[in-house]
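The following exercises concern a single protein model. Please examine the sequence and the structure before working through the solutions.

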Amino acid sequence: MKLSDEQLAAYERDGYVAVEELLDEQAVMALRERLREYTHGGRPTGELSVQIEPRVERGELQVEHPGDGVRKIDCLVQYDDLYRKLGTHPNILGVIEQILGPDIKLFRNAMLLKPPDVGSAKGMHQDSPYWPIRPMELCSCWFAIDDATTENGCMGVIPGGHGKGELPHVHVTDDFVVQEDCYDTDEMVLAPLRAGGGLFFHSLLPHYTAPNRSQNWRRAIALSYMSAKSTYTGDNEKPDYLTIQGQSFPGCV
Ligand SMILES: O=C(O)CCC(=O)C(=O)O
């Protein structure tokens, strides 16, 4: 799949663009069922890193099943065949290639879960400031496994906010957020998305998700890609980032 000239211009201007129907309903259902096997069906999570909702972890909130308290699962693309297909799907890569060029590596993939009534907010933040990759020009496809609605915690973004560069962030309880005087909440645009669609967004775009106040799950996987010409600036040894397509370059990620 390719963005039209208008969609590409919108991405560059606003820092995001929503694309519906990247995958059909059957393929999305398979992803949803596979995920449910990990959270509720006893499918081994092996090397996957699983994070629990902080309030559940601290015992402040009780859930009926442990799977109802899961907030994040990292590395499904590396670990699971269905998710590997998603992370390398031509409909997603067609768009990513337009934005990042032909040589692409995967920086991270994180399944972000908001269980009904339990899923908490993710405060307004930019991704790049705490990612050890330069330049700060990564692109994420936030792929909706369930319909993402204004009630269950769809994305909220500040259009054009990526153009302001790196903004100061501060620590708050369980989170790290853009300093309040650096953006205007009234400028936030909510971006509901049907399951199977993706929100492609720039790694400097300020974004936020509300708590899930509904009875429906909100699960989405953030697939974050970078140009293979990017530089790793972390203190630890550079991880072996997954090559998605094209070449690798000496001294680069
Ligand atoms: O899905 C969410 O709730 C948060 C998404 C997010 O912050 C991200 O993908 O960087």
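**Exercise 1.** Which residue is the bridge partner of His 125 in strand 13?

Solution. The model is predicted; local features require pLDDT of at least 70, side-chain atom pairs count only at pLDDT 80 or more, and totals for chains, interfaces and linings use all residues. Residues are numbered from 1 along each chain as its sequence is written.
- Step 1. Strands are DSSP runs (E, at least two residues), as are helices (H or I, at least four), and both are numbered from the N terminus.
- Step 2. Strand 5 and strand 13 pair in the antiparallel sense over 2 bridges; two strands pair if DSSP finds at least two bridges between them.
- Step 3. The partner of His 125 in strand 13 is His 207.

**Exercise 2.** Determine the order of the strands in the open sheet of 4 strands, and identify its edges.

Solution.
- Step 1. The order is 5-13-8-11, with antiparallel pairing.
- Step 2. Strand 5 and strand 11 (189-191) are the edge strands, as each pairs on one side only.
- Step 3. On average, neighbouring strands of this sheet are turned by 25° against each other, direction ignored. Here the axes are lines fitted to C-alpha atoms, and angles run from 0 to 180 degrees between N-to-C directions.

**Exercise 3.** Describe the surroundings of strand 7, with attention to Trp 142 and Phe 143.

Solution.
- Step 1. Of the 6 residues of strand 7, 6 are buried. A residue is buried if 20 or more other C-beta atoms lie within 10 Å of its own, exposed if 12 or fewer, and partly exposed in between, with C-beta atoms placed from the backbone.
- Step 2. Cys 139, Cys 141 and Phe 143 point one way, whereas Ser 140, Trp 142 and Ala 144 point the other way.
- Step 3. Strand 7 pairs with strand 12 (residues 198-202) in the antiparallel sense over 5 bridges, and Leu 199 is the bridge partner of Trp 142 there.
- Step 4. Strand 7 also runs antiparallel to strand 14, with 6 bridges joining them; Trp 142 stands opposite Ala 222 in strand 14.
- Step 5. Phe 143 is among the residues with the most contacts inside the largest nonpolar core, which has 57 residues. Such a core is a set of buried Ala, Val, Leu, Ile, Met, Phe, Trp, Tyr and Cys residues joined through C-beta atoms within 7 Å.

**Exercise 4.** Which elements give two or more residues to the shell around the ligand?

Solution.
- Step 1. The residues around the ligand include Ser 140, Trp 142, His 207, Thr 209, Ala 220 and Ala 222; a residue is counted if its C-beta atom, placed from the backbone, lies within 6 Å of the molecule.
- Step 2. The elements are strand 7 (139-144), strand 13 (207-209) and strand 14 (218-227).

**Exercise 5.** Locate the backbone features at Pro 135, Cys 75 and Asp 117.

Solution.
- Step 1. Most residues other than glycine have a negative phi, and most peptide bonds are trans.
- Step 2. A cis peptide bond joins Arg 134 and Pro 135, with omega about -5°; Pro 135 lies in the loop between strand 6 (133-134) and strand 7.
- Step 3. Cys 75 has a positive phi, near 75°, and lies in the loop between strand 3 (70-74) and helix 4 (76-79). Cys 75 is partly exposed, with 18 other C-beta atoms within 10 Å.
- Step 4. Asp 117 has a positive phi of about 65° and is found in the loop between strand 4 (104-114) and strand 5 (122-125). Asp 117 is partly exposed, with 14 other C-beta atoms within 10 Å.
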